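Please work through the exercises below with the sequence and the model open side by side. Each one sets a task and then solves it step by step.

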Amino acid sequence: MSRYDSRSGDPTSYRDRRSDSGFGGASSYSAPVRSSAGRREYDGVESPKRTNLDGLPPFEKNFYIESPSVAAMSEREVEEYRNRREITVEGRDIPKPVKSFEDVGFPEYVLQEIEKAGFVEPTPIQAQGWPMALKGRDLVGIAETGSGKTLAYLLPAIVHVNAQPILAPGDGPIVLVLAPTRELAVQIQQEATKFGASSRIKNTCIYGGVPKGPQVRDLQKGVEIVIATPGRLIDMLESHHTNLRRVTYLVLDEADRMLDMGFDPQIRKIVNQIRPDRQTLYWSATWPKEVEQLARQFLYNPYKVIIGSPDLKANHAIRQIVEIVSESQKYKKLVDLLEDIMDGSRLLIFLDTKKGCDQITRQLRMDGWPALSIHGDKSQAERDWVLSEFKAGKSPIMTATDVAARGLDVKDIKYVINYDFPGSLEDYVHRIGRTGRAGAKGTAYTFFTAANARFAKDLINILEEAGQKVSPELAAMGRGAPPPPGSLLLRAPPQENLSSPLLVLSGSCSIEFDSVLSVVSNPSSDQADMAGRNRVPRELMNNRRGYPPEGPYVRGPTLHRPPPPTALLEEELDIQHAELQRLLADNHRLVDDRIALQRELGGAKEEIHRMNLVIGDLRADQEMQSRDLIDKGLKLEADLRTAEPLKKEVIQLRGETQELNKLRQDLSRQIQTLTRDIARLKNENQQIPLLRAEIDGLNQELMHTRSAIEFEKKDNVELMEQRQAMEKNLVTMAREVEKLRAELAAGDSRMWGTGVQYGMNFNSADGGFSAPYGDSYGVQTGGKSNGPHYGSSSAFRGGADKTRFNRR
């Protein structure tokens with residue numbers, strides 16, 4: 001397994017990188033990085049800032065192991081290789097360049113993606129930049145557009161991410177890439193997705209002009225790489241949708257362009273929220289002072305690699321053609337050029353203004369050319385659609401402002417046309433750099449006017465450095481010679497024309513027709529000249545006096561008469577002066593009316609243009625919706641064919657549903673009954689204390705009753721003993737009576753005639769007798785029993801009980 005695949009969350013697995021000039025972390029969380037806490041320096045210039053890493057966890061960022069083939073290169077071989085590929089390096093302990101992808105030591109899955117992309121060998125910026133980036137040091141990379149800078153920092157970023165602990169919930173990204181434009185950010189994301197898919201590294205693109213919802217969801221799920229424009233990223237940070245606590249790998253792509261666009265405060269605000277011992281990679285196509293000053297503040301002891309000359313230069317694979325033209329000739333030159341070179345290849349036209357971009361696009365479409373425009377005033381959805389149409393070749397001509405000059409990576413752009421020369425030579429280099437990318441050839445045409453003469457000398461230097469041909473007109477302009485006669489349309493200022501009306505009327509001087517109206521109604525007439533609207537009519541150019549044969553300034557033929565007296569001349573002059581004042585007033589009114597009409601016309605044209613775009617979008621959406629409806633209809637028909645077997649199941653399910661509804665109703669009734677029972681039980685529970693009190697009273701009475709019963713049992717035992725004794729006595733007496741009866745039977749009956757008084761019945765069938773005491777003592781005689789039956793008398797017991805209770 002590759003050493004880049006560790007991705008362990010164990011802090012003790014990180015190696016000590018304190019020897020890497022202050023980069024990396026210590027061996028434990030408690031030990032600060034000593035060298036990073038020292039002075040930040042750039043090219044020997046000390047920085048006033050000091051970094052404090054107390055409490056920050058260490059991280060791994062030195063992953064470079066020099067391959068044996070690279071280590072075997074001698075210093076002379078290294079120098080020859082750098083000279084051959086025009087590589088200039090600065091810094092301390094600079095690693096040797098690599099000659100092949102295998103020498104870098106990338107993991108196998110990264111090498112597979114490189115091979116799949118069809119790359120043969122590293123570009124110069126990659127050959128020297130990859131070892132520098134993998135060593136974990138800060139890096140400044142300066143190279144022309146299309147030189148492979150994106151992969152120069154993306155592949156080391158993938159290695160860096162794979163070596164860090166996995167993101168925990170609430171963590172922000174590990175790698176942050178800042179880009180100046182939305183288009184560049186999207187292109188970087190596409191490359192990050194392609195090369196990071198095998199590592200399962202998640203990324204997202206944060207930029208304005210689109211809804212925040214999907215971007216917020218990506219950030220909340222957790223992504224290792226964030227590609228962002230500064231404005232939207234600050235919005236996300238202030239909304240607490242993400243944070244930069246985990247960022248250890250920072251990339252500033254097209255840094256010079258970001259400074260040109262005024263992102264300096266936003267960049268500083270973002271960088272100040274990132275830990276100071278991060279690894280920062282600073283990429284630019286140019287090296288102006290502003291970029292260098294920003295690098296001094298953000299980078300610590302960096303490497304610096306320059307591809308080609310440190311001076312401004314263009315891609316040598318691009319053929320550059322500069323034509324000296326006037327503003328009024330531009331559109332005709334453009335159409336002629338399109339007729340010559342247009343073969344279906346992609347063609348990019350650059351203009352300075354958004355309005356001019358829309359005007360040229362509209363004019364081209366009216367003339368039958370398939371053109372679309374892109375600039376900063378368009379919505380993100382419209383810009384994406386235009387780019388997709390351009391990339392797909394459906395609209396091979398695209399007009400653009402500098403919003404697309406940098407970072408726009410569209411394959412097979414064969415031609416670039418600078419309709420307007422940019423405001424700087426850096427922008428010129430970036431504009432033409434949209435063609436001739438990745439080793440391909442390209443051609444750049446530039447329309448150069450006398451108004452751009454101040455750039456002639458530097459432009460000549462760029463052309464000569466790239467081995468391009470310099471036209472004699474441009475060379476003369478570079479030497480300070482006046483522009484060619486047709487390169488600038490001269491007009492008399494309106495103030496001078498209005499101040500000399502008598503000279504005009506007398507024919508002693510000429511005024512260009514419509515010059516007042518054109519200048520007053522459109523002070524910035526360059527935009528109108530781009531569309532060719534302010535050209536001087538041909539018949540006007542043929543008229544030496546400068547005005548047409550018919551017009552408000554022509555008073556008809558003049559008859560030859562003798563010279564009039566002075567008074568008549570003065571009167572005529574007064575009349576002419578009054579008429580001239582009236583004409584001037586009418587002229588001013590007409591100018592105002594024309595200005596208002598032009599504004600309304602411009603607004604109407606813009607509205608029509610917007611409506612046309614909206615109609616086009618609606619038509620495209622309607623076509624897409626129609627296709628979707630047709631597809632859905634076909635799918636529904638297929639589903640209906642396969643739905644017949646499901647009808648029975650549906651009917652069965654409906655029956656089961658009805659049964660379930662009935663069961664649910666029964667359950668509802670049962671629940672209601674249980675609810676009432678529970679309520680009743682609650683009421684009964686409230687009576688439990690009373691019942692408990694009654695039970696306690698009954699228990700006490702029961703105890704008293706049991707005590708009485710026990711006492712009564714004891715009395716009953718005594719009575720039983722007495723009764724048994726009495727019964728024994730009675731039995732004894734009965735026996736004696738029997739004996740006496742026997743004796744009396746043998747004696748004189750008269751003597752015992754009174755025996756009836758004792759209850760004896762000698763004539764009874766069973767030989768019994770009557771007890772003289774009744775059954776008070778429990779002796780019962782007679783009946784079927786052969787002997788006496790003994791038992792307690794109820795009357796006696798009752799009397800005894802009453803006596804005992806009374807006694808108690």
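The exercises go from the whole chain to a sheet, its strands and helices, and then to aromatic rings.

**Exercise 1. Describe the protein chain as a whole.**

Solution. The model is a predicted one. Begin with the secondary structure, which amounts to 25 helices and 18 strands in the protein chain. Turn next to burial: of the 808 residues of the protein chain, 41% count as buried. The exposed surface of the protein chain comes to about 45500 Å², and carbon and sulfur atoms supply 54% of it. Finally, take the contacts between residues at least 6 apart in sequence; among these, 74% join residues at least 24 apart.

**Exercise 2. Work out the strand order of the open sheet of eight strands, and explain what is particular about the strands at its edges.**

Solution. Reading across the sheet, the order is β3-β10-β4-β9-β8-β5-β7-β6, and the pairing is mixed. The edges are held by β3 (87–90) and β6 (203–206), each of which has a single partner strand, so one side of each is left without a neighbour in the sheet. Between neighbouring strands the average turn is 15°, direction ignored.

The pairing at the two edges can then be followed bridge by bridge. At one edge, β3 and β10 pair in the antiparallel sense over four bridges, and T88 has I306 of β10 as its bridge partner. At the other edge, β6 pairs with strand β7 (residues 225–228) in the parallel sense, again over four bridges, with C205 facing its bridge partner I227 in β7. Helix α8 (residues 213–221) packs on the sheet here, touching β6 and β7, and its direction makes about 145° with that of β6.

**Exercise 3. Determine how strands β8 and β10 are covered and which strands they pair with.**

Solution. It helps to recall that in a regular strand the side chains alternate between the two faces of the sheet. In β8 (residues 249–252), Y249 and V251 lie on one side and L250 and L252 on the other, and all are buried, which leaves both faces of the strand covered. Next, consider the partners of β8. Strand β5 (residues 175–178) pairs with β8 in the parallel sense over four bridges, and V177 has V251 as its bridge partner in β8. Strand β9 (residues 279–284) also runs parallel to β8 and is joined to it by four bridges, with T280 in β9 as the bridge partner of L250. Helix α12 (residues 289–298) lies across β8 and β9, running at about 175° to β9.

The same steps apply to β10 (residues 303–307), where five of the five residues are buried, so the strand is largely enclosed by the rest of the structure. Y303, V305 and I307 point one way, while K304 and I306 point the other way. Besides its antiparallel pairing with β3, β10 pairs in the parallel sense with strand β4 (residues 139–142) over four bridges, and V140 stands opposite K304.

**Exercise 4. Test the length of helix α7 against expectation, and explain how far helix α16 is enclosed.**

Solution. For α7 (residues 182–196), 15 residues at 1.5 Å a residue should span 21 Å, and the end C-alpha atoms are 21 Å apart, which agrees. Its buried residues include R182, L184, I188 and F195.

For α16 (residues 425–432), seven of the eight residues are buried, so this helix is largely enclosed by the rest of the structure. The buried residues are L425, D427, Y428, V429, H430, R431 and I432. Among the elements that cover them are α10 (255–260), β12 (346–350), β16 (442–448) and α17 (456–465).

**Exercise 5. Classify the aromatic pairs Y153–W283 and F421–F448.**

Solution. A pair of aromatic rings is described by the distance of the centres and the angle of the planes. The rings of Y153 and W283 have centres 5.9 Å apart and planes at 45°, so this pair is tilted. Y153 belongs to helix α6 (residues 149–162) and W283 to strand β9, 130 residues apart in the chain; Y153 and W283 are both buried.

F421 and F448 form an edge-to-face pair, at 5.1 Å centre to centre and with 85° between the planes. F421 sits in the loop between β15 and α16, and F448 in strand β16, 27 residues apart. With 3% relative accessibility F421 counts as buried, and F448, at 0%, is buried as well. As a last step, ring pairs link F421, Y428, F448 and F455 into a cluster.

How values were computed
Residues are numbered from 1 along each chain as its sequence is written. This is a predicted model: local features need pLDDT of at least 70, side-chain atom pairs count only at pLDDT 80 or more; totals for chains, interfaces and linings use all residues. Side-chain values use heavy atoms; hydrogens and water are left out. Buried means under 20% relative accessible area, exposed over 50%, partly exposed in between (1.4 Å probe, protein chains only). Helices (H or I, at least four residues) and strands (E, at least two) are DSSP runs, numbered from the N terminus. Contact means heavy atoms within 4.5 Å. Two strands pair if DSSP finds at least two bridges between them. Axes are lines fitted to C-alpha atoms, for helices over the stretch in contact, and angles run from 0 to 180 degrees between N-to-C directions. The expected span of a helix is 1.5 Å times one less than its number of residues. Accessible areas come from the Shrake-Rupley method with a 1.4 Å probe; for residues, only the protein chains shown count as cover. Rings of Phe, Tyr and Trp (its six-membered ring) pair if their centres lie within 6.5 Å; planes under 30 degrees apart count as stacked, over 60 as edge-to-face and the rest as tilted.
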